[in-house]
Amino acid sequence: MSSEVIFIYDGECPFCNHFAQLLELKRSVPHLMILDGRKNLSKLTSLFKQGYDLNSGAILITENKILHGSNAINFICSQIKEP
């Protein structure tokens, strides 16, 4: 992954908040941007219009695809490298 990866989580969800904190600690995913969707309403609205509802799961945007829910979580977990 050489391009930017955007992980959008639900800032009102306790699991999502803890997962985002874990990603911040791991930081082994290059070019990762972590956004609280509730604080980025313009991006969230755009994604909702494309059929991606944050209430149904986290959203991951890569250079050529959008992953949603468990697919987003599985992808991001597969990219985490242990030190």
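On one side of helix α3, S70 and N74 are exposed, meaning over 50% relative accessible area, where buried is under 20% and partly exposed is in between (1.4 Å probe, protein chains only). Helices here are DSSP runs of H or I with at least four residues, strands are E runs of at least two, and both are numbered from the N terminus. The other side of α3 (residues 70-79) has A72, I73, F75, I76 and Q79, which are buried. They sit on the same side because they cover an arc of only 165° around the axis, taken from the directions from the helix axis to the C-beta atoms.

A quick note on the source: this is a predicted model, where local features need pLDDT of at least 70 and side-chain atom pairs count only at pLDDT 80 or more, while totals for chains, interfaces and linings use all residues. Residues are numbered from 1 along each chain as its sequence is written, and side-chain values use heavy atoms, with hydrogens and water left out.

Back to the inside. I76 is among the residues with the most contacts in the largest nonpolar core, which has 18 residues; F7, L23, L32, I34 and L60 are the others. Such a core is a set of buried Ala, Val, Leu, Ile, Met, Phe, Trp, Tyr and Cys residues joined through side-chain atoms within 4.5 Å. At least two residues each come from β1, α1, β2 and α3. There's also a second, separate core of 8 residues, including I6, L47, L54 and I61.

Strand β1 is largely enclosed by the rest of the structure, because 5 of its 5 residues are buried. V5, F7 and Y9 point one way, I6 and I8 the other. As for pairing (at least two DSSP bridges between strands), β1 has these partners:

| Partner of β1 | Sense | Bridges | Residue opposite I8 |
|---|---|---|---|
| β2 | parallel | 5 bridges | L35 |
| β3 | antiparallel | 3 bridges | I59 |

Just past β3 (59-61), T62 sits in the loop leading to β4 (66-68). T62 is buried at 12% relative accessible area. Skipping neighbours within four places in sequence, T62 is in contact (heavy atoms within 4.5 Å) with E4, V5 and F75.

Finally, the charges. The whole structure has 1 salt bridge, defined as a Lys or Arg side-chain nitrogen within 4 Å of an Asp or Glu carboxyl oxygen. D10 and R38 form this pair, at 2.8 Å from N to O. D10 is in the loop between β1 and α1 and R38 in the one between β2 and α2, so the pair ties together parts 28 residues apart in sequence. D10 is buried at 10% relative accessible area, whereas R38 is partly exposed at 28%.
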